[in-house]
Amino acid sequence: MTKSTRILAISGSLRATSSNNAILKVVAGMVSPGVEFIIYNGVGNLPHFNDSQEIPAAVQDFYNQLAAADGVFICTPEYAFGVPGSLKNALDWTVGTGDFVGKPVALVTASSVGDKAHAALLHTLTAISADIVEGGTLLVSFIRSKMNDKGEIADTATYQAIKEVLDKLIDRVGNR
Ligand SMILES: Cc1cc2nc3c(=O)[nH]c(=O)nc-3n(C[C@H](O)[C@H](O)[C@H](O)COP(=O)(O)O)c2cc1C
């Protein structure tokens, strides 16, 4: 039996009506059989980073899910010209543990503008030695005008560009 590819998806938004969460649901529907696309729902449960020896259960669960993933798909807005604190906090928990070292990562920043968070996240992913997939990064500005009220990506070019990011990530995972 061939092992399926497992992608862990992480959203930078905890908002109930989040565009980024909606995008991840759309992406989950794009994957072909043989690819598991698991949306991690624990970002909001992670305590603020500290370096005590006791690893909180929520953090251990995050580590386990990262370890089980062949690749990671991050989709995030920009808040106040930066990376949302909840997402940055999640990444901070991995600095000392190396969970992202060599891990193929795709990044979609979907926001009103988003350029600053996108650039900052690329720095952070470099700092944690993630394998930032070539062709697997995308900045989508004016995101709200590109989604409809059913949570679909209404803009065809954006849909296609996000699909290409996913395809590049899956190719990268498959060619390692
Ligand atoms: C607290 C807050 C701060 C924001 N700051 C920015 C910002 O600095 N840059 C930007 O491009 N959009 C900013 N926005 C607009 C978001 O890009 C937009 O609301 C987007 O839909 C948020 O993503 P989400 O729907 O996945 O939460 C901000 C929105 C919120 C709620």
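# Buried faces and ligand contacts

Guide: Among the elements that cover the buried residues of α4 are β3, α3, β4 (104-110) and β5 (131-140). Covering rests on contact (heavy atoms within 4.5 Å). The model is predicted: local features need pLDDT of at least 70 and side-chain atom pairs pLDDT 80 or more, while totals for chains, interfaces and linings use all residues. Numbering runs from 1 along each chain as its sequence is written, and side-chain values use heavy atoms, without hydrogens or water.

Visitor: Why is α4 called a helix, and how does its span compare with the one expected?

Guide: Helices are DSSP runs of H or I with at least four residues, strands are runs of E with at least two, and both are numbered from the N terminus. Helix α4 covers residues 115-127, which is 13 residues. The expected span is 1.5 Å times one less than the number of residues. First to last C-alpha, α4 reaches 18 Å, close to the 18 Å expected.

Visitor: Which residues of α4 are called buried?

Guide: A117, H118, L121, T124 and L125. Buried means under 20% relative accessible area, exposed over 50%, partly exposed in between (1.4 Å probe, protein chains only). Down the axis of α4, the buried residues fall within an arc of 125 degrees, so they line one face. The arc is taken over directions from the helix axis to the C-beta atoms. H123, T126 and A127, on the other side of α4, are exposed. Just after α4, S129 has a positive phi of about 60 degrees.

Visitor: What makes the buried residues of α2 share a side?

Guide: In α2 (residues 57-68), V59, F62, Y63 and L66 are buried. They cover an arc of only 100 degrees around the axis, which puts them on the same side of α2. An α-helix has 3.6 residues a turn, so residues three or four places apart point the same way. The buried residues of α2 pack against β1 (5-11), β3 (71-76) and α3 (85-92).

Visitor: How do you know whether T5 is buried or exposed?

Guide: The relative accessible area of T5 is 18%, so T5 is buried. T5 belongs to strand β1. Neighbours within four places in sequence aside, T5 touches G34, V35, E36, D70 and V173.

Visitor: And what is P47 called?

Guide: P47 has 29% relative accessible area, so it is partly exposed. It sits in the loop between β2 (35-39) and α2. Its contacts, beyond four places in sequence, are P56, V59, N89 and W93.

Visitor: Which polar atoms pair with the ligand's oxygen atoms?

Guide: A polar contact is a pair of N or O atoms within 3.5 Å; within protein, one must be able to donate a hydrogen and the other to accept it, and sequence-adjacent residues count only if both atoms are side-chain atoms. A polar side-chain atom of S13 is 2.7 Å from a ligand oxygen. For S19 a polar backbone atom is 2.8 Å away from a ligand oxygen. Y79 has a polar side-chain atom 2.8 Å from a ligand oxygen. The protein covers 75% of the 620 Å² of accessible area that the ligand has on its own.

Visitor: What makes the phi of A80 and of F81 stand out?

Guide: Most residues other than glycine have a negative phi. A80 has a positive phi, near 50 degrees. F81 also has a positive phi, about 65 degrees, although not a glycine. A80 is in the loop between β3 and α3, as is F81. At 82% relative accessibility, A80 is exposed; F81, at 63%, is exposed.

Conventions. Areas by Shrake-Rupley, 256 points an atom, 1.4 Å probe, with all protein chains shown as cover.
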